[in-house]
Amino acid sequence: AFSIADDGVWLTARHVVDGCRQAAIVVANGRGVAASVRIDVRGEAAVLTTEGGAPAMPLGLSLPLQRGERAFHPGYPQGRPGEVTSRLLGREMLVVKGRGAREEPVLVWAEVGRTDTLEGPLSGLSGAPALDAAGRVVGVTIAEAPRRGRIYTTTPETVGQILAANPRRASTFAVGEPITTENYGRVADSLRRDLRVAQVVCTKV
């Protein structure tokens, strides 16, 4: 998940917490803060709220995205700190099966780089922010197609809709840090250290 308001509002992927009766934001080894969950019934996103929070991530939802644009995905793939970078291929409809089956418009990205020690599938990266080169959120990472080297994120419109329906509004101002292929590992470490990007666990199903 990632912080969207300083007073304890977070965004993650819907399937991370769908069916979870009690979720928590991990704040240290073996320690978590209880989070209430609100699922977006129309899309692959969910809002978590906690008592207290972390500095909000800046949002870039109204900015035009160009094919070939780079994104950075800092999170916890395979349950460990890690990050991936990608380039935008375009939009398509993603067929979501199982619980809450539906079709949803998504952005499709081609993976073009990752943490040196990160190998194999990116399971656990769901819910991570997709950041542009200015460090602004443009979507929520929701899935991957390992054999095709593809990463899927929500569209900016999907994120905007769930934020508009959120009674605790996202921060209107937040500072991002420019991200490059040379520094994205360091920036990701900083975001995790400040809990702007955090792990989510389900403590009761």
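This is a short walk through the core, the disulfide and two pockets of one structure. Keep in mind that the model is predicted.

I'll start with the core. The largest nonpolar core holds 28 residues, and those touching the most other members are Phe 2, Leu 11, Val 140 and Ile 142. At least two residues of this core come from each of β1 (2–5), β2 (9–12), β7, β8 (102–114), β10 (137–145), α2 and α3 (184–193). The top contributor is β10, with 4 residues.

Take Leu 11 as an example. What does Leu 11 touch, leaving out residues up to four places away in sequence? The list is Ala 1, Phe 2, Ile 4, Ala 46, Val 47, Gly 127, Val 140, Val 159 and Ile 162. Two of those, Phe 2 and Val 140, you have just heard named among the core residues that touch the most other members.

Next, the cysteines. How many disulfides does a search of the whole structure find? It finds 1. The disulfide runs between Cys 20 and Cys 202, with an S to S distance of 2.2 Å. Cys 20 sits in the loop between α1 (14–17) and β3 (22–28), while Cys 202 is in strand β12, so the bond ties together parts 182 residues apart in sequence. The torsion about the S-S bond is about 110°, which means that the disulfide is right-handed. As for exposure, Cys 20 has a relative accessible area of 12% and is buried. Cys 202 is at 36% and counts as partly exposed.

Now the pockets. The largest pocket has about 220 Å³ of space. Its lining is made of 17 residues, and nearest the centre are Tyr 76, Gly 124, Ser 126, Gln 199 and Val 200. β6 (70–75) and β12 (200–204) each give at least two residues to that lining. Strand β12 is also where Cys 202 of the disulfide lies. What is the split between nonpolar, polar and charged in the lining of the largest pocket? There are 10 nonpolar residues, 7 polar and no charged.

The second largest pocket comes to about 150 Å³. It is lined by 13 residues, with Pro 64, Leu 65, Leu 88, Arg 91 and Leu 107 closest to its centre. Both β7 (82–96) and α2 (156–164) supply at least two lining residues, and β7 has the largest share, at 4 residues. Those two elements, β7 and α2, also each give at least two residues to the core I began with. The lining here has 8 nonpolar residues, 2 polar and 3 charged.

That is what I have; questions are welcome.

Technical notes. Residues are numbered from 1 along each chain as its sequence is written. This is a predicted model: local features need pLDDT of at least 70, side-chain atom pairs count only at pLDDT 80 or more; totals for chains, interfaces and linings use all residues. Side-chain values use heavy atoms; hydrogens and water are left out. On a 1 Å grid over the protein atoms alone, a cavity is a set of points where a 1.4 Å probe fits but cannot get out, and a pocket is an open set with protein on both sides within 12 Å along at least five of seven lines; lining residues have an atom within 4 Å of a point. Grid points are joined across faces, edges and corners, and a volume is the space filled by probe spheres set on the points. Ala, Val, Leu, Ile, Met, Phe, Trp, Tyr, Cys and Pro count as nonpolar, Asp, Glu, Lys and Arg as charged, and the others, Gly among them, as polar. A nonpolar core is a set of buried Ala, Val, Leu, Ile, Met, Phe, Trp, Tyr and Cys residues joined through side-chain atoms within 4.5 Å. Buried means under 20% relative accessible area, exposed over 50%, partly exposed in between (1.4 Å probe, protein chains only). Contact means heavy atoms within 4.5 Å. A disulfide is a pair of cysteine sulfur atoms within 2.5 Å.
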